[in-house]
Amino acid sequence: MDQLTVGFMGSGRFAARCLEIISRRLRPMWVLTNAPRTAGRGLKLQNTPVWELAQSLDLPVYTTARLSADAERLEWLRQNSPDVILVIDFGQMIKEPVLSMAPLGCLNIHPSKLPEYRGSAPIQRALMDGRTKTAVSIFRLDAGMDSGPVLAQPELVIEPEDDAAALMEKAAVLGSETLLHYLCGVAPAEWRFTPQKEENVTTAPKIDKSEGKIDWRAESAEEIINKIRGIGCSPGVYCMVHGKRLRVHAAEPLPSADCAVCRCEIVDGAPVVVCREGALKLVEVQPEGKRPQRAEDWARGAHIENGEEIG
């Protein structure tokens, strides 16, 4: 079959990884990403990961702050419409007329088994929920949020050691390779889309920083471990000690400890905190304003004592 022409719309790290894989076999006509935004303490303008990658791959790359209200960019899209537009981790809702500009529509890679985990944080939510498997959905966008018909949905096993970064990498590879199979090896006339079942919908809203706060009384050791796997890297998982925030980067579940809930016990030099169910041995932590360090070193330097309450 004749090679399809594609445009690529994306912004985040997941989109950048997919673009990297897809570009090896199918070079996009153009790349569209979000306009630079201020970030960090210095509030400097920062380009998206997709912009940086497109520059390194020498791909034509353009930006928009809000595509639905960007008349100039919409007209440009009309004049440069490919056979299909790939919209991955773009960060903006795609509406008409963009949905219908390309003859084959807009295709998306979403790292969940749709209609489960519709929204911006499917990987993090699946890990936080302790799921042992998920999927990657290749689907065609419609006017809803991740609600379009599904073209393919290969399953993805979640290993106990997987965190958000590891699962994102696995999903990007599986999703990109599956999408390339259709773009490069299956005639569009043979593509078969299956409508999603609305009765099975679950959502995966954006992670709020407050969700990283550990509640030792309400959460089990396993639940806290899953939280660390899902959002330990960003935005972070933390508790309060001596009135200051302590980020927890790594921990190990234990069946029990001798203290009461929320109390800390020093076991072989390591701090162990009792949870609603089980206990958590802190392995790597980061005190407020300092670098990550071994939990044993932190406990010794902070003079953590047996029976001390951790907030």
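P235 is found in the loop between helix 6 (221-231) and strand 12 (238-241), and the peptide bond that leads into P235 from S234 is cis, with omega near 5°. The model is predicted. Most residues other than glycine have a negative phi, and most peptide bonds are trans. The points below cover a further cis bond, two residues with positive phi, and helix 5.

**Cis peptide bond before P97**
- E96 and P97 are joined by a cis peptide bond, for which omega is about 10°.
- P97 is placed in the loop between strand 6 (84-88) and strand 7 (106-110).

**Positive phi outside glycine**
- D146 is not a glycine, yet its phi is positive, at about 55°.
- The loop between strand 9 (137-140) and strand 10 (150-152) holds D146.
- With a relative accessible area of 10%, D146 counts as buried, because this value falls under the 20% cut-off.
- H303, also not a glycine, has a positive phi of about 60°.
- H303 lies in the loop between helix 7 (295-301) and strand 18 (308-309).
- The relative accessible area of H303 is 60%, which is over 50%, and H303 is therefore exposed.

**Helix 5**
- Helix 5 (residues 164-185) has 22 residues, so at 1.5 Å a residue it should span 32 Å; its end C-alpha atoms are 31 Å apart, in agreement with that expectation.
- At the start of helix 5, the backbone nitrogen of A165 has a side-chain oxygen of D163 within 3.3 Å.
- Buried residues of helix 5 include A164, L167, A171, A172, G175 and S176.
- Also among the buried residues of this helix are T178, L179, L180, Y182 and L183.

Definitions and conventions
Residues numbered from 1 in each chain as written. Predicted model: local features only at pLDDT ≥ 70, side-chain atom pairs only at ≥ 80, totals over all residues. Heavy atoms only, no water. Helix = DSSP H or I, 4+ residues; strand = E, 2+ residues; numbered from the N terminus. Expected span 1.5 Å × (residues − 1). Buried < 20%, exposed > 50% of the residue type's maximum accessible area, 1.4 Å probe, protein only. Polar contact = N/O pair within 3.5 Å; in protein donor to acceptor, adjacent residues only side chain to side chain.
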